[in-house]
Amino acid sequence: EEDPCLPTTQRCLDFFLSALLAGASEFDLLRTVGNLIKRSSDRASDDSHEVHTVADVAREILAMRGKGGKWSHRPVPSSLRLPQMLYTPAPPGA
C-alpha cells in the first residue's frame, strides 16, 4: 500500500536535491549518503521503513538527475559515516 504522503515527500526531496545539485559539486557525496542510509538502521524506528523509503526516493531522484547531466566525479572519503546517534551502521559486507 502506497503512503499518501509519498508524492509530497518526493516533491520536497526533488526541490531540496535540485538546490544542492545546482553547483553540481555534491552529486557523488549525496549518492553515497543515500546508499549509506539505505544500508543502515534508523535508531528511532523498529523497522526503518520510513527512512529507507525516503532514501529510495532520494536515490531515484539522483539517478534521474545523473542521467541528464555531465557530472564531474569528486572523491568521497571512504571514512564517511552516518551520525551514530541517528543510525546503526550496516554490518561489514552488507
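In the predicted model, the largest nonpolar core is formed by eight residues, namely Leu13, Leu17, Phe27, Leu30, Val57, Ala58, Ile61 and Leu62. Three helices contribute to this core, with helix 1 (6–20), helix 2 (27–39) and helix 3 (49–68) each providing at least two of its residues. Helix 3 accounts for the largest share, which amounts to four residues. Another core, made up of six residues that include Leu36, Ile37, Ala55 and Tyr87, lies apart from the one just described. As a general matter, nonpolar side chains tend to be buried together in soluble globular proteins.

With respect to the overall arrangement, the secondary structure of the protein chain consists of three helices and two strands, and these elements follow one another from the N terminus in the order α-α-β-α-β. The chain has 94 residues, of which 23% count as buried, and it exposes about 6900 Å², with carbon and sulfur atoms supplying 57% of that area. Among contacts in the chain with a separation of 6 or more, 77% are made by residues 24 or more positions apart. The mean pLDDT of the chain is 79, and 76% of its residues reach 70 or more; among the elements, the lowest mean value belongs to helix 1 (72), whereas the highest belongs to strand 1 (residues 41–42), at 89.

Helix 2 was examined in further detail. Its 13 residues should span 18 Å at 1.5 Å a residue, and the C-alpha atoms at its ends are 19 Å apart, so the expected and modelled spans agree. The buried residues of helix 2 are Phe27, Asp28, Leu30, Gly34, Leu36 and Ile37. Of these, Phe27 and Leu30 belong to the largest nonpolar core, while Leu36 and Ile37 belong to the other core. Leu30 counts as buried because its relative accessible area is 19%, which lies under the 20% cut-off. The C-alpha atoms of Leu30 and Ala58 are 8.9 Å apart in space, although the two residues are separated by 28 residues in sequence.

Ile37, also located in helix 2, has a relative accessibility of 16% and therefore counts as buried. When residues up to four places away in sequence are not counted, Ile37 touches Val51, His52, Ala55, Leu82 and Tyr87; two of these partners, Ala55 and Tyr87, are named among the residues of the six-residue core to which Ile37 itself belongs. For the pair Ile37 and Ala55, 18 residues apart in sequence, the distance from C-alpha to C-alpha is 6.5 Å.

His52, a residue of helix 3, is likewise buried, because its relative accessibility is 17%. Leaving aside neighbours within four places in sequence, the contacts of His52 are with Ile37, Lys38 and Ser40. With Ser40 the interaction is polar, in that the side chain of His52 reaches the backbone oxygen of Ser40 at 2.6 Å.

Finally, the loop between strand 1 and helix 3 contains Ser48. The phi angle of Ser48 is near 60°, a positive value in a residue other than glycine. Ser48 counts as buried, since its relative accessibility is 3%.

Note on methods
Residues are numbered from 1 along each chain as its sequence is written. This is a predicted model: local features need pLDDT of at least 70, side-chain atom pairs count only at pLDDT 80 or more; totals for chains, interfaces and linings use all residues. Side-chain values use heavy atoms; hydrogens and water are left out. A nonpolar core is a set of buried Ala, Val, Leu, Ile, Met, Phe, Trp, Tyr and Cys residues joined through side-chain atoms within 4.5 Å. Buried means under 20% relative accessible area, exposed over 50%, partly exposed in between (1.4 Å probe, protein chains only). Contact means heavy atoms within 4.5 Å. Accessible areas come from the Shrake-Rupley method with a 1.4 Å probe; for residues, only the protein chains shown count as cover. A polar contact is a pair of N or O atoms within 3.5 Å; within protein, one must be able to donate a hydrogen and the other to accept it, and residues adjacent in sequence count only if both atoms are side-chain atoms. pLDDT is the predictor's confidence in each residue, from 0 to 100. The expected span of a helix is 1.5 Å times one less than its number of residues.
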